[in-house]
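Subject: Structure for you to look over

Dear colleague,

Here is the structure I said I would pass on, together with its sequence. Please open it beside this message and follow along as you read.

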Amino acid sequence: MDRNQKKLRYQDGNPCIQESDASFKCLDASNYNRDMCSAYFLTYKNCRKYWHNVMLERRRQGVKPDMPTAAERQDMLDAFGGKPY
């Protein structure tokens with residue numbers, strides 16, 4: 001696995017690994033027909049947008065690190081009662 005692939009699979013840096021995996025799994029199952037996987041793509045896009053906004057807010061408030069760790073993100077999602085996207 002090269003350096004960029006490791007970075008994408010890093011749990012603390014990429015909060016949307018599950019959504020990414022689901023979209024790739026859908027593509028594999030549908031013989032790469034993108035039209036059949038649009039719901040998965042939309043979920044991934046919403047996930048990225050949500051966590052990007054969280055990161056920006058933390059940056060504005062001076063909280064380090066900018067992106068919450070995987071454990072912090074799980075606590076945040078549990079407080080919401082699930083994924084808000």
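What follows describes the disulfides and then one of the helices with its packing.

Please keep in mind throughout that this is a predicted model.

Disulfides

The structure contains two disulfides, and if the bonded cysteines of the protein chain are numbered in sequence order, they pair as 1-4 and 2-3. One of them joins C16 to C47, with a distance of 1.9 Å from S to S. This pair links distant parts of the chain, 31 residues apart, since C16 sits in the loop between α1 (3-9) and α2 (17-29), whereas C47 belongs to helix α3, residues 38-61. The angle about the S-S bond is -95°, and the link of C16 and C47 is left-handed. As to exposure, C16 is buried, its relative accessible area being 0%, and C47 likewise counts as buried at 0% relative accessibility.

The other disulfide is formed by C26 and C37, whose sulfur atoms lie 2.1 Å apart. It too links distant parts of the chain, with C26 in helix α2 and C37 in the loop between α2 and α3, eleven residues apart. The link of C26 and C37 is left-handed, with -95° about the S-S bond, and both of these cysteines are buried.

Helix α3 and its packing

Does the length of α3 agree or disagree with what its residue count would suggest? At 1.5 Å a residue, the 24 residues of α3 should span 34 Å, and because its end C-alpha atoms are 35 Å apart, the two values agree. Just after α3, G62 takes a positive phi of about 80°.

The buried residues of α3 are C47, Y50, W51, V54, M55 and R58, and they pack against α2 and α4 (70-80). You will recognise C47 from the disulfide with C16.

For the pairing with α4, the axes of α3 and α4 are 13 Å apart and the helices pack at an angle of about 110°. Angles of 65 to 115 degrees count as roughly perpendicular, and therefore α3 is described as roughly perpendicular to α4. The contact is made by Y50, W51, V54 and R58 on the α3 side, and by E72, R73, M76, L77 and F80 on the α4 side. In this arrangement, α3 passes α4 in a right-handed crossing.

With best regards

Definitions and conventions: Residues are numbered from 1 along each chain as its sequence is written. This is a predicted model: local features need pLDDT of at least 70, side-chain atom pairs count only at pLDDT 80 or more; totals for chains, interfaces and linings use all residues. Side-chain values use heavy atoms; hydrogens and water are left out. A disulfide is a pair of cysteine sulfur atoms within 2.5 Å. Helices (H or I, at least four residues) and strands (E, at least two) are DSSP runs, numbered from the N terminus. Buried means under 20% relative accessible area, exposed over 50%, partly exposed in between (1.4 Å probe, protein chains only). The expected span of a helix is 1.5 Å times one less than its number of residues. Contact means heavy atoms within 4.5 Å. Axes are lines fitted to C-alpha atoms, for helices over the stretch in contact, and angles run from 0 to 180 degrees between N-to-C directions. Angles under 35 degrees count as roughly parallel, over 145 as roughly antiparallel, 65 to 115 as roughly perpendicular and the rest as oblique. A crossing is left-handed if the near helix is turned anticlockwise from the far one by less than a right angle, and right-handed if clockwise.
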